[in-house]
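Trainee: I'm new to this one. Could you walk me through it, a step at a time?

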Amino acid sequence: MKEITSTANPQVKTWKKLADKKGRKKTQTYLLEGWHLVKEALLANEAIDNILIAPNFKYLEELTKLTDIELIKISPAIATQLSETKTPQGIFAEVKIPKLSFEPTMARGAWLFLDGVQDPGNIGTMVRTADAAGFSGVVFGDKTADMYHPKVVRSMQGSQFHLKLVSSDLLPWIQAFKAANAPVFGSELNQDARSYDQVGQHENFALIMGNEGNGMSQELLAQTSLNLYIPIKGQAESLNVAVAAGILMFQLIK
């Protein structure tokens, strides 16, 4: 087993840079942290370049049953430097970023489109809910947080390996769904929009959720088939975007 003990090692510096978008773009890889996420990646047959383990890693026997990738033993100091958490679990994986681009055949099934969503926790909750609801994929539109940002990766909790995730301008996707006669639903806090429970259930459709503070862009609202709202019966001003997305996803999917 290869061993790296110095935090000054050039490879360690490269792994550390994967916390930044620039570093990920250079290597076309990102870093997973924690046994749950690494295990999910292995079970999903993700393309993994390296697996790093620290002395405190507890599941070595299970890990070696799942993969024959040569492991790299790292020191506790390196694990602390690479970790985004206060208590590192002692395992990391460097994973290749999939090259997934838009194809017209993707305009089927249920898809979630994110328009300028910034909070990693909200994104993770929505991706996990899309996974639970049986969606086909999620498109990270312009001004949405990077899907490989460490906090986003951690908050998705492995659901990213069960769905297609694409980073793209949303307009071509909207046009493709509409061309396939599949509705594209926007979400809008507006009484002039249609109540979410009055549009039936669908096999092929897209749902757009907008920015936490500003909602969907006016440009995209004008392109949708129909814009939906969730009636609020109490005195709360609005719903959290991830909560609203969960309600809409389970309501709309057939």
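Trainee: Let's start with aspartate 49: is it buried, partly exposed or exposed?

Mentor: Keep in mind that this is a predicted model. Buried means under 20% relative accessible area and exposed means over 50%. Aspartate 49 has a relative accessible area of 30%, so it counts as partly exposed.

Trainee: Which residue does aspartate 49 meet in a salt bridge?

Mentor: Look for a side chain whose N comes 3.2 Å from an O of aspartate 49. Aspartate 49 lies in strand E3 and its partner in strand E5, so the pair ties together parts that are 47 residues apart in sequence. At 40% relative accessibility, that partner counts as partly exposed. The partner is lysine 96.

Trainee: How many residues apart in sequence are the parts that arginine 24 and aspartate 146 tie together?

Mentor: The side chains of these two meet in a salt bridge, 2.6 Å from N to O. Arginine 24 counts as buried at 3% relative accessibility, while aspartate 146 counts as partly exposed at 22%. Arginine 24 sits in helix H2 and aspartate 146 in the loop between strand E7 and helix H7, so the parts they tie together are 122 residues apart.

Trainee: Aspartate 146 also lies by a pocket, right? Which element gives the largest share of the lining of the second largest pocket?

Mentor: That pocket has 19 lining residues, and Lys21, Ile97, Asp146, Tyr148 and Ser167 lie nearest its centre. Two elements give two or more residues to the lining: helix H2 (21-27) and strand E8 (164-167). The largest share is three residues, and it comes from H2.

Trainee: What about the largest pocket: which class has the most residues in its lining?

Mentor: The space there is about 540 Å³. Among the 26 lining residues, those closest to the centre are Glu188, Leu189, Gly215, Ser238 and Leu239. By class, the lining has three charged, 11 polar and 12 nonpolar residues, so the class you want is nonpolar.

Trainee: And which helix gives the largest share of the largest nonpolar core?

Mentor: This core has 54 residues, and Leu32, Phe135 and Phe140 have the most contacts inside it. Leaving aside neighbours within four places in sequence, phenylalanine 135 is in contact with Ala110, Trp111 and Met249, among others. The largest share of the core is seven residues, from the helix spanning residues 241-252, H10.

How values were computed. Residues numbered from 1 in each chain as written. Predicted model: local features only at pLDDT ≥ 70, side-chain atom pairs only at ≥ 80, totals over all residues. Heavy atoms only, no water. Core = buried A, V, L, I, M, F, W, Y, C linked by side-chain atoms within 4.5 Å. Buried < 20%, exposed > 50% of the residue type's maximum accessible area, 1.4 Å probe, protein only. Helix = DSSP H or I, 4+ residues; strand = E, 2+ residues; numbered from the N terminus. Contact = heavy atoms within 4.5 Å. 1 Å grid on protein atoms, 1.4 Å probe; cavity = no way out; pocket = protein on both sides within 12 Å on 5 of 7 lines; lining within 4 Å. Points joined across faces, edges and corners; volume = space filled by probe spheres on them. Salt bridge = Lys/Arg side-chain N within 4 Å of Asp/Glu carboxyl O.
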